[in-house]
Amino acid sequence: MNSTFYRTLIAATALSGVLSANAQVEQSDSGADQQAHALLERIEKLEAELGDLRAKVLESSVTATKAETTARDAVDRIAGVENQTNLIADNTRPSETPDTKWHLAGYADVGFAGGDMPGSDSFLSGKLNPAFHFQYKDLLVFESEFEYSTTNDGETTSELEYSQIDLILNDYAVLIAGKYLSPIGQFQERLHPSWINKVQGAPAGFGHDGVQPSSDTGVQLRGSIPAGDTRFTYVVAVGNGPRTTSEGGVALKGTGSDDNSDKSVGGRIGFFPLPFLELGGSYLTAKVNGIGNDELVSVGP
C-alpha cells in the first residue's frame, strides 16, 4: 500500500516537473518573440529617423550650395563696383587733369522773309558758323569763328568773324589780342548770332551801312570788378579802326592792316545794380581817310 502511494507520488511529482518545464519553455519563447518584435520596431524607427536625417542633410547641402553661389555672385558684383570706382577715381584725380582742352561748336540757319511788296517773299540764304575754342590751363584761351554763307547770286562766301587770344591776367583782367568782335554797344558781342537774334537783320545803326563797327583788329583789356553785391564791367580797346571802301563808304570791320597809322580808341563800361540788369555806355573815336574831317565818332549803349 505504502509502496503504491510512493510510486504514485513520484509519478505526480515528475509530471508536475514536466508541465512546469513546458510552461517555462513556452513563457521563454513568448518573451523572445516580444523582444524580437520590439527590436524590429526600434530598427524600423531608426531607419525612418535615418531617412529623415538624410533628407535634411541633402536639403542643407542644396541650401549651402545656393548660398555659396549667391555669395560668389555678390563678391563678383562688389569687385566690379570697386573696379568702376577705381576707374572713376583715376579719371577724376586733379593731378591727372589735362593741361589743354578744346571745344568745337557753332550754329547754322536759313530764313524766310515776306512782305506786302510784290516779289518780297523769299527764302534767305543760309549760313554756317563753326567755332573753335582751345584752352591751356587757366592761363590762355584761343577762340575763332568762321562764317560761310550764300549770296543772292548763289556764290558761297567765307569770312573770319573773329580770331583772338585771351590771356587771363587775374580774376579781374583779361588781355585780348587779334581780330575781335567790337565791344562798342552790346549787339555784336552778345546778340548778333542768329540763334540769339531771331529777327531778320540787325538793329538800326548796326549791320550794313551802320555806324557801329562789327569787329576790329588790335588789343583789348577787359574784366569785371566786384562792388559789394554788385559789379562793374569795363573794356578798353585799341585797334586799326575803320577805313574807306572803293565805293566811298566806310568799312566797319577789322582789317589786317591800318591804312593811316591812326588807331581807333574805344571802350565800354557797365554796372549791374541787379544781377539781371546792366546799365552802361560805350565810346569809339577813329580817323578815317577820305571823309570830311577824317574823324569818326561812335557812341553806343
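Pro213, Ser215, Asp216, Gly241, Pro242, Leu252, Ser264 and Leu284 together line the second largest cavity of this predicted model. That cavity has a volume of about 40 Å³, and its lining, sorted by class, consists of four nonpolar, three polar and one charged residues. A search of the whole structure finds two cavities of 30 Å³ or more, and the account below begins with these enclosed spaces before turning to a pocket and to the strands.

## The cavities and the pocket

The largest cavity has a volume of about 70 Å³. Its lining is made up of 13 residues, and those that lie nearest its centre are Tyr180, Pro183, Asp216, Ala237 and Leu284. Asp216 and Leu284 also appear among the residues that line the second largest cavity. Three strands, β6 (215-227), β7 (230-239) and β10, each supply at least two residues of the lining of the largest cavity, and β10 gives the largest share, which amounts to three residues. By class, the residues around the largest cavity divide into six nonpolar, six polar and one charged.

A pocket, unlike a cavity, is an open set of points. The second largest pocket holds about 470 Å³ of space. It is lined by 24 residues, and Glu143, Tyr162, Gln164, Leu181 and Glu189 are the ones that lie nearest its centre. Several elements take part in this lining, since at least two residues come from each of β1 (100-113), β2 (122-136), β3 (140-150), β4 (156-170), β5 (173-181), α2 (187-191) and β6. The lining residues of this pocket divide into 13 nonpolar, five polar and six charged.

## Ser264 and its surroundings

One residue of the second largest cavity, Ser264, deserves a separate description. Ser264 is placed in strand β10, which covers residues 264-274. Is Ser264 buried or exposed? Ser264 has a relative accessible area of 2% and therefore counts as buried, because that class takes in values under 20%. The side chain of Ser264 makes a polar contact with the side chain of Asp216, at 2.9 Å. When neighbours within four places in sequence are left aside, the residues in contact with Ser264 are Asp216, Ala237, Val238, Gly239, Asn240, Gly241, Leu284, Thr285 and Ala286. Two of these names, Asp216 and Leu284, are also found in the lining of the second largest cavity and in the group nearest the centre of the largest cavity.

## Paired strands

The following table sets out three pairs of strands, each with its bridges and with one pair of residues that stand opposite each other.

| Strands | Sense | Bridges | Opposite residues |
|---|---|---|---|
| β3 and β4 | antiparallel | 11 bridges | Ser144 and Ser163 |
| β4 and β5 | antiparallel | seven bridges | Ile168 and Val174 |
| β10 and β11 | antiparallel | eight bridges | Gly266 and Leu284 |

The strands β10 and β11, the latter covering residues 277-287, form a hairpin with two residues between them. Leu284, which stands opposite Gly266, lies in β11, and Leu284 is also in contact with Ser264. A hairpin is likewise formed by β4 and β5, with two residues between the strands. In the hairpin of β3 and β4 there are five residues between the strands, and Gly154 takes a positive phi near 90° there.

## A loop residue with a positive phi

Where in the chain does Lys137 lie? Lys137 is found in the loop between β2 and β3. Most residues other than glycine have a negative phi. Lys137, which is not a glycine, has a positive phi, near 50°. With a relative accessibility of 39%, Lys137 counts as partly exposed, because this class lies between the buried limit of 20% and the exposed limit of 50%.

## The protein as a whole

The protein has two helices and 12 strands, and these elements, read along the sequence, follow the pattern α-β-β-β-β-β-α-β-β-β-β-β-β-β. Of the 301 residues in the protein, buried residues make up 22%, and Ser264 is one of the buried residues. Among the contacts in the protein with a separation of 6 or more, 46% are accounted for by residues 24 or more positions apart.

Key
Residues are numbered from 1 along each chain as its sequence is written. This is a predicted model: local features need pLDDT of at least 70, side-chain atom pairs count only at pLDDT 80 or more; totals for chains, interfaces and linings use all residues. Side-chain values use heavy atoms; hydrogens and water are left out. Helices (H or I, at least four residues) and strands (E, at least two) are DSSP runs, numbered from the N terminus. Buried means under 20% relative accessible area, exposed over 50%, partly exposed in between (1.4 Å probe, protein chains only). A polar contact is a pair of N or O atoms within 3.5 Å; within protein, one must be able to donate a hydrogen and the other to accept it, and residues adjacent in sequence count only if both atoms are side-chain atoms. Contact means heavy atoms within 4.5 Å. On a 1 Å grid over the protein atoms alone, a cavity is a set of points where a 1.4 Å probe fits but cannot get out, and a pocket is an open set with protein on both sides within 12 Å along at least five of seven lines; lining residues have an atom within 4 Å of a point. Grid points are joined across faces, edges and corners, and a volume is the space filled by probe spheres set on the points. Ala, Val, Leu, Ile, Met, Phe, Trp, Tyr, Cys and Pro count as nonpolar, Asp, Glu, Lys and Arg as charged, and the others, Gly among them, as polar. Two strands pair if DSSP finds at least two bridges between them.
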